[in-house]
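Here are a few notes to read alongside the model. Have the sequence open next to the 3D view as you go.

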Amino acid sequence: MSDGLRCMWMRGGTSKGGFFLRSDLPGEAAARDAVLLGVMGSPDARQIDGMGGADPLTSKVAVVGPSEREGVDLDYLFLQVFVDQAVVTDAQNCGNMLAGVAPFGIERGLVAAQDGETPVVIYMENTGQTAVARVQTPGGRVSYEGDAHIDGVPGGAAPVPIEFRDTAGSSCGALFPTGQVVDRIGGVAATLIDNGMPCVVLNAADLGISGTESPADLEANEALRVRLEAIRLEAGPMMNLGDVTEKSVPKMTMVSQATRGGAISTRTFIPHRCHKAIGVLGAVSVATACLTPGAVGHQMAVVPEGAEKALSVEHPTGEMTVVGHVEDGVVTRAEVLRTARKLMDGVVFPAPAALAMGREAAE
């Protein structure tokens with residue numbers, strides 16, 4: 001392996017990070033992770049010696065390769081690189097970075113572009129689920145320009161609609177891993193749900209907050225953070241996730257009545273920092289809870305009539321609309337609108353110490 005690695009830096013949804021071809025990274029996980037820590041500059045609160053942006057939302061990696069699965073174009077492995085810890089985890093998926101996978105695959109020649117729009121079927125290795133992303137390809141080339149707007153991202157961009165398939169229980173084995181739509185943890189009602197992202201959904205009022213506070217105010221609330229972590233640690237084994245002390249899941253979402261015309265208002269810890277928006281698959285899981293009678297959020301959510309239900313999930317910097325398709329009272333599939341943009345394409349140079357660690361791990 002040379003000192004430099006071919007890499008494309010992209011914004012996917014409200015996240016951004018490095019997109020790598022699987023063949024350009026070490027095949028052994030420990031060696032790969034050592035290199036990626038060096039790419040991002042972790043562990044360091046500022047990630048000053050790497051490409052990371054000192055925030056979990058900008059310290060992400062997508063590993064992409066051609067798929068050998070029937071009917072699937074690309075395999076996608078998401079890796080969360082911790083900012084201030086020497087940890088790289090594949091314990092979760094990322095629906096925001098997913099938005100960049102299809103255009104990246106087309107740009108790298110893994111998928112042939114059609115004239116107009118190119119559908120790309122993506123297998124998400126973290127959770128074993130499949131999604132279909134539609135990329136704008138006028139003239140057979142990826143276009144990032146357009147008028148689609150998603151909250152949390154300034155300006156407009158080309159739309160990347162994503163349909164999620166078979167997401168229920170992708171990490172926890174069941175949509176409601178305890179077999180109940182509501183449990184009690186730490187004296188409060190909690191819905192433990194996994195419709196693409198393991199989440200603990202809580203009523204904000206039960207935790208002594210309004211649910212409209214800013215992320216900075218919530219992060220400064222030490223008593224709240226301690227209580228959330230205690231609930232999270234208890235919820236982990238209940239969700240078949242084991243000891244989650246060193247894991248980034250489950251996410252902790254507090255819900256309250258919508259205040260800006262949406263269906264529900266949210267504040268999410270991911271798990272120790274308060275998200276300035278909400279993750280794509282986290283929004284899908286929360287929307288599913290809102291569509292399930294008895295679950296936390298259902299009674300306070302504004303749910304439209306009909307089998308196709310568009311729920312606007314409010315978050316600190318705007319909203320994300322999830323379209324849930326319901327059959328016999330069960331959410332069978334969900335769709336979201338995302339955008340993506342290529343930021344940089346070139347060669348990234350991990351810290352020399354990380355390269356040395358990577359070589360040692362590979363030997």
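The points below go through a helix, the cores, some charged pairs and one lysine in this predicted model.

1. Start with helix α2, residues 95-107. Around V101 the helix has a kink of about 25°, and the proline P103 follows shortly after. Most of α2 is covered, with 12 of its 13 residues buried; V101 and P103 are both among the buried ones, as are G95, F104 and I106. Once you are just past α2, look for G109, which has a positive phi of about 80°.

2. Next, the nonpolar interior. The largest core has 84 residues, and the ones touching the most other members are Y76, I162, F164, V200, L202 and M254. Helix α5 (residues 280-290) supplies the largest share of this core, 8 residues. There is also a second, separate core of 17 residues, and V35, L36, L79 and V348 belong to it.

3. M254 deserves a closer look. Leaving aside residues up to four places away in sequence, its contacts include L202, A204, L207, I209 and F269. Among the others are S265, T266 and R267.

4. How many salt bridges does a search of the whole structure find? The count is 14. One of them joins D75 and R69, with the closest N and O atoms 2.9 Å apart. D75 is buried at 7% relative accessible area, while R69, at 36%, counts as partly exposed. Both belong to a network of salt bridges that also takes in R22 and E125.

5. Two further pairs are worth setting side by side. E219 bridges to R273, with 3.2 Å between the closest N and O atoms. That pair links distant parts of the chain: E219 sits in helix α3 (residues 215-219), R273 in the loop between β13 and α5, and 54 residues separate them. R273 is partly exposed, at 33% relative accessibility. E229 and R232 also form a salt bridge, at 2.9 Å. Because they are 3 residues apart in helix α4 (residues 222-238), about one helical turn separates them. E229 is buried at 19%, and R232 is buried at 0%.

6. Finally, what is the nearest side chain of opposite charge to the buried K309? It is E305, 5.3 Å away, and K309 has no salt bridge. A salt bridge here needs the atoms within 4 Å, so that distance falls outside the cut-off. A polar atom of the K309 side chain does lie 2.9 Å from the backbone oxygen of P304. K309 is part of strand β14 (residues 308-315), and its contacts include L291, V303, V322 and V326.

How values were computed
Residues numbered from 1 in each chain as written. Predicted model: local features only at pLDDT ≥ 70, side-chain atom pairs only at ≥ 80, totals over all residues. Heavy atoms only, no water. Helix = DSSP H or I, 4+ residues; strand = E, 2+ residues; numbered from the N terminus. Buried < 20%, exposed > 50% of the residue type's maximum accessible area, 1.4 Å probe, protein only. Lys, Arg positive; Asp, Glu negative; His and termini not counted. Polar contact = N/O pair within 3.5 Å; in protein donor to acceptor, adjacent residues only side chain to side chain. Contact = heavy atoms within 4.5 Å. Bend = angle between axes of the 7 residues up to and from the residue. Core = buried A, V, L, I, M, F, W, Y, C linked by side-chain atoms within 4.5 Å.
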